[in-house]
Every structure is written in structure tokens, then in C-alpha cells.
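Colleague: Please put the model up, and then expect me to ask, for each label you use, what earns it.

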Amino acid sequence: MAPDQANSGALALGIAFWVIPPMYGAALGQVKQWDRRREGVAKWPSSKVEAALRLTAVIVLVNADCLTGWNLRRLLLSLHRTQAPSLHTEADFSYLVLRKHPKSEEAWRYRSWLAEQVLQTPKDFAKEFKVCEDCSQRHPRNYYAWSHRQSIADLAMKTCGPSVVAAELEAVRAWALRNISDSSGFVYIQHLLQLLAPPESGLAGVTEMEAQLRFLHSLLMRFPEREGLWLHLRWLLLHLPAPQRATWITGTLCEVMTGTLSSCSEAGFEDPLRSAAVAAFAQSLCLFLLGKLLPCPGNPPCGTHVAGPPVLGCGQQSPILAALCELVGGPGPLGRPAHCGEDTHWKEALRWFQVVFKANQGHYLAQKWWKTG
């Protein structure tokens, strides 16, 4: 019995390593000898069902990616509900497997199948979110855990409404503060915001997005060298409605980026690449916004931006372009182009931005952006 389990009454079973290969081989060999077609499994007696559940438990505990074991358990739970364990008991067993194999694709697929049948109340969804959080802690940047968590959030929105998703958003923000280097959490936050603040949500959606922007602002002031935070900021600005986006770019974004760069210099970063990375992240964000948000005045388009109708109205283009030019270039001997209005041709503007990067010896990420952008 483990020391931390003595009071709970739980038993810890230890198995010698040399026993595992022959035990796994014997269990898998026995299962493969049976007729596992649906018609055959439906006729199995209760004794065979119990034996199959024990053997498949051994198989998936040792090799969680063994599709044979999971498929047979799925058949047994579907066809023999009276002899098989309850779905909640099976969910607990699935969690036991995931604690040992947190990045097993087949184990997560089986978990998703169980979740569709088991999860009904807010308490059920909260427990499932905790399972996902624990597995993402055991294996950072766990794609399968976060993908499953997204599907559970979708199911919670349909089953219980936005209150469960809103509580999950607050929980993930707390998680992000403790795991600032794991960008998977911020991608998941973006998914939750799309559920809570769809384009047709109006003022309520704007409130959610701006609350996330304020939360991100506080993180950027403390961790300006984290690229994932800048990418998250890019996503948030692109998904704000046009009036609020214009306000953030011309006003608050300037304050955020200026404060971030000044706090970076005040912190006294000894690594020049680290401080250069912060500057490059900020500048590349401005360039990305320029390419995405403003229309090309040329006819035909010059090919330096994404085709499509302008996101901002004509009256908003000049102040936004001027603000972004100021952030990218800043004061210095190069100065800004003589005209930053909406009639400036995009090729000339982008050539000037490239000169600014070269003059400031931009980070390698900025150079990569220019090659692929």
C-alpha cells in the first residue's frame, strides 16, 4: 500500500517488469482466437464476457494504442449492458489508462465515445474537464487531450448551455497563468471564445473578447518574450468587430506594445536575442495586421496582402495605417514615408518596412516572416 493511499483504503499493485511481456502476449493471443464479429460477441455467455473484460483490461493497460482491445470493450459494453460494468465505472478505468498513457490516440477516442453517453450534468462536464487538465499536465502540449477537451466544450454548450463553458474559460485562464509556455491552452481559449462570443452575439461577445484582451495584456507585460502570447493577440484583434478593432489598434495596442518594449528594456535582459525577439514579435504583429486589415489601392491588386473586401471602412484606414507605421518604424534617422494615407501603394509601404527590419537587425523570425509573407 502506498503511503499516500493508506488512509483512503486504496491498494497499489506492483508487477515485476519481466512478467509484463508474457502476460500481454498471452492476453492478446487469447483474444485473437475468439470470434470478435458483432454477431458472435452478442451470443457470448456471461463467463466469457467477464473473461474478455479482464483480458482486454490487461491489453490496454500495457498497450493503450491496441485497437483490438478497445474495440472489443466497446462491443461488450454495447451488447452486454447487464454483465458489463456501468459506463461511469468504465470511464474511471479509461482515466486509469490515460494516467499511464496520456498521449494515446486510441485511448482518447474510446474516452470520447464514453463521454457522448455519460456526460449529462454540469458536474459530469466539470469532472471531464479535470481529467483533460490532469493529462495535459502529465504530458505538456498534449494534442489529443486538448482536442478531446474542445469536443467536450462543444458538447457542454449544446447540453448545459453557456454557463458551463464560461466557468471552463475562467478555469483555463487560471491554468494559463501556471503554464505560460504551453500555447495549447491559448488555442483552447480561442475555441471557447468562439463558442461564447460568435459574430452574431453582439455586445456580449465584444465584452468577452475585450476581457480576454485585458487578461492577455497583463500577461504580455510580465512575459513579453513568449511568442504564443503575441500569436494569441493577433487572433483576438482579427476577431474583434471592426469598430472595437479600430479602437484597440489606434489606441490600446499602441500603449500595450510601447509598454511591453519599455518594460523589456527596464528588466535589463542580458540576452540580446531575447530582447530582439520581443521587438520582432511586436513588429511582425503590426505587419500582419497591415496585410490583413487594409485593402490594396492598386488595380489590379499588388499581391502583397490577402485578397478580399476591406475589413475596415475607408474612414478608419488612415489613422490605423499611421499608428502601425509608427509602431513598426518608430522615431529614428529613417523616419516614416512622406505619406501614410490610404493612397500609399502597398509595394512601396512594404519595401519601407523591410528596410526598417534590416536597419534594426531584426530577429530571425522577422526575416522568416518576410520570406514567407
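Colleague: Which residues of helix 12 are buried, and how do you know that the word applies?

Modeller: In helix 12 the buried residues are Leu-229, Trp-230, His-232, Leu-233, Arg-234, Trp-235, Leu-236 and Leu-237, where buried stands for under 20% relative accessible area, exposed for over 50% and partly exposed for what lies in between, using a 1.4 Å probe and protein chains only. The model is a predicted one, in which local features need pLDDT of at least 70 and side-chain atom pairs count only at pLDDT 80 or more, while totals for chains, interfaces and linings use all residues. Residues are numbered from 1 along each chain as its sequence is written, and side-chain values use heavy atoms, with hydrogens and water left out.

Colleague: Why does His-232 in particular count as buried or exposed, and what does it touch?

Modeller: His-232, which sits in helix 12 (residues 227-239), has 1% relative accessibility and therefore counts as buried. Leaving aside residues up to four places away in sequence, His-232 touches Phe-186, Ile-189, Gln-190, Gln-212 and Leu-216, a contact being heavy atoms within 4.5 Å. A helix here is a DSSP run of H or I with at least four residues, a strand a run of E with at least two, and both are numbered from the N terminus.

Colleague: How do you know whether the span of helix 12 agrees with its number of residues?

Modeller: The expected span is 1.5 Å times one less than the number of residues; for the 13 residues of helix 12 that should be 18 Å, and the end C-alpha atoms are 19 Å apart, so the two agree. Helix 10 (residues 184-196) also reaches 19 Å with 13 residues, close to the 18 Å expected, and helix 9 (residues 162-178), with 17 residues, reaches 25 Å, close to the expected 24 Å.

Colleague: What makes you describe helix 10 as largely enclosed by the rest of the structure?

Modeller: The description rests on a count: 10 of its 13 residues are buried, so helix 10 is largely enclosed. Among those buried residues are Phe-186, Ile-189 and Gln-190. In helix 9 the buried residues include Val-164, Glu-168, Arg-173 and Trp-175.

Colleague: Why is helix 4 called roughly parallel or antiparallel to helix 6?

Modeller: The axes of helix 4 (residues 67-79) and helix 6 (residues 105-118) come within 10 Å and cross at roughly 15 degrees, each axis being a line fitted to C-alpha atoms over the stretch in contact, with angles running from 0 to 180 degrees between N-to-C directions. Angles under 35 degrees count as roughly parallel, over 145 as roughly antiparallel, 65 to 115 as roughly perpendicular and the rest as oblique, so helix 4 is roughly parallel to helix 6. Residues making the contact include Trp-70, Arg-73 and Leu-77 of helix 4 and Tyr-110 and Trp-113 of helix 6.

Colleague: And which word fits helix 4 with helix 5, and why?

Modeller: Helix 4 and helix 5 (residues 87-100) pack at about 170 degrees with their axes 12 Å apart, which means that helix 4 is roughly antiparallel to helix 5. Trp-70, Arg-73 and Leu-77 of helix 4 meet Leu-87, Glu-90, Phe-93 and Val-97 of helix 5.

Colleague: Why does Thr-56 count as buried or exposed, and what of Arg-36?

Modeller: Thr-56, found in helix 3 (residues 46-62), has 0% relative accessibility and so counts as buried; Thr-56 touches Gly-69, Leu-72 and Arg-73, not counting residues up to four places away. Arg-36 lies in the loop between helix 1 (20-33) and helix 2 (38-41), and its 33% relative accessibility is why Arg-36 counts as partly exposed. The C-alpha atoms of Arg-36 and Leu-75 are 8.8 Å apart, although 39 residues separate the two along the chain.

Colleague: What makes Arg-141 worth a remark, and where is it?

Modeller: Arg-141 has a positive phi of about 55 degrees although it is not a glycine. Most residues other than glycine have a negative phi. Arg-141 is in the loop between helix 7 (122-138) and helix 8 (143-159), and at 45% relative accessibility it therefore counts as partly exposed.

Colleague: How many helices and strands are there, and what share of the chain is buried?

Modeller: The protein chain has 17 helices and 0 strands, and 43% of its 373 residues count as buried.
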